[in-house]
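Reader: I am new to protein structures and would like a close look at a single part of this one. Please pick a stretch where several pieces meet and walk me through it slowly.

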Amino acid sequence: MKEFNKVIDYIIDQSDKYDARNLQAENDVQFLLKRAKTKLDDMVLSYVRDIDDIVSLTVFMQSITKAFTRYYNEIAKIYDSSIHKHYDSGFNQTDDLIQIGKEAEGRLSEPVKEMKYGKYDENTIEFIKNHAMEQAKGYSNSKISQIRSTVSDLMLKGKANKSTVRDAVQKILDSDKSKAEDIARTELSRAYNYGVLYRLNE
């Protein structure tokens, strides 16, 4: 059990490191946004100082339009770059922690057999009931509740696997098979690893 506790400590330590990196990345983005805003303010103020007649006012309006266009383009570039970078980073971090959890789980013979035969313990089912789809975007609370109820029911009956959960998700969300399979794989992995980590910590 000491060995397993070390695994838990390592996973928590890695999570903390990832959180720190993500916070730094967020601060970097905020810095870039503030710098872009400061540049815009400086440009606008310089244009205002040059207004002394109607002609200058016309030039001012044209300059303001160009300044804001440049500002919006810079903001879009910052967000586009950061979103792609952080998405990839977050995906890799999650995958890393899942792999660590799977390696740790491989040392527990009983939990592995339990999961292979489609049986889920009480804590795993409770996780699905309360947390399934909590990171998903664009779905109504009603749809999410249906998925949580349906998947937890499949687990109670020992029938939850990637195929049955995929079919349930596809039917509830009226989505394509590929999207439903991605959701099924993600939610089962999250619940699966939560159950493993809970047992390791007992």
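Author: What follows starts with the whole chain, then moves to the part around helix H5, and ends with one place elsewhere for practice.

Some ground rules come before the tour. The model is predicted, so local features need pLDDT of at least 70 and side-chain atom pairs count only at pLDDT 80 or more, while totals for chains, interfaces and linings use all residues. Residues are numbered from 1 along each chain as its sequence is written, and side-chain values use heavy atoms, with hydrogens and water left out.

Now the overview. The chain has seven helices and zero strands. Helices (H or I, at least four residues) and strands (E, at least two) are DSSP runs, numbered from the N terminus. Along the sequence, the pattern reads α-α-α-α-α-α-α. Of the 202 residues, 34% are buried. Buried means under 20% relative accessible area, exposed means over 50%, and partly exposed lies in between (1.4 Å probe, protein chains only). The chain exposes about 13,500 Å². Carbon and sulfur atoms supply 53% of that area. Accessible areas come from the Shrake-Rupley method with a 1.4 Å probe, and for residues only the protein chains shown count as cover. Next, contacts: heavy atoms within 4.5 Å. Take the contacts in the chain with a separation of 6 or more. Residues 24 or more positions apart account for 68% of them.

Now zoom in on H5. This helix covers residues 141–156. Look at its pairing with helix H4, residues 122–131. The axes of H4 and H5 come within 8 Å and cross at roughly 170°. Axes are lines fitted to C-alpha atoms, for helices over the stretch in contact, and angles run from 0 to 180 degrees between N-to-C directions. H4 and H5 are therefore roughly antiparallel. The cut-offs: under 35 degrees is roughly parallel, over 145 roughly antiparallel, 65 to 115 roughly perpendicular, and the rest oblique.

Which residues meet? H4 brings Thr124, Ile125, Ile128, Lys129, Asn130 and His131. H5 answers with Arg148, Val151, Ser152, Met155 and Leu156. By class, this contact of H4 with H5 has five nonpolar, four polar and two charged residues. Nonpolar covers Ala, Val, Leu, Ile, Met, Phe, Trp, Tyr, Cys and Pro; charged covers Asp, Glu, Lys and Arg; the others, Gly among them, are polar.

Pick out isoleucine 128. This residue sits in helix H4. Isoleucine 128 is buried, because its relative accessible area is 1%. Leave aside neighbours within four places in sequence. Isoleucine 128 then contacts Arg148, Val151, Ser152, Met155, Glu187 and Ala191. Serine 152 is 24 residues away along the chain, yet the two C-alpha atoms are separated by 6.1 Å.

Between H4 and H5 runs a loop, and methionine 133 is in it. Most residues other than glycine have a negative phi. Methionine 133 is not a glycine, but its phi is positive, about 70°. Methionine 133 counts as buried because its relative accessibility is 1%. Its C-alpha atom is separated by 9.0 Å from that of serine 145, twelve residues apart along the chain. Serine 145 belongs to helix H5. With a relative accessible area of 44%, serine 145 is partly exposed.

Next comes the partner H6, residues 162–173. The axes of H5 and H6 come within 10 Å and cross at roughly 155°. H5 and H6 are therefore roughly antiparallel too. H5 passes H6 in a right-handed crossing. Here is the rule: a crossing is left-handed if the near helix is turned anticlockwise from the far one by less than a right angle, and right-handed if clockwise.

H5 makes this contact through Lys143, Gln146, Ile147, Thr150, Val151 and Leu154. H6 supplies Thr164, Val165, Ala168, Val169, Ile172 and Leu173. These residues divide into eight nonpolar, three polar and one charged. Val151 takes part here, and also in the contact with H4.

Lysine 171 also sits in H6. Lysine 171 is exposed, at 75% relative accessible area. Its C-alpha atom is separated by 9.8 Å from that of isoleucine 147, 24 residues apart along the chain.

Aspartate 174 lies in the loop between H6 and helix H7 (177–201). Aspartate 174 has a positive phi, near 55°. At 70% relative accessibility, aspartate 174 counts as exposed.

For practice, go to isoleucine 64 in helix H2, residues 54–105. At 14% relative accessibility, isoleucine 64 counts as buried. Isoleucine 64 touches Val44 and Tyr47, not counting residues up to four places away in sequence. The C-alpha atoms of isoleucine 64 and tyrosine 47 are separated by 7.8 Å, with their positions 17 residues apart along the chain.
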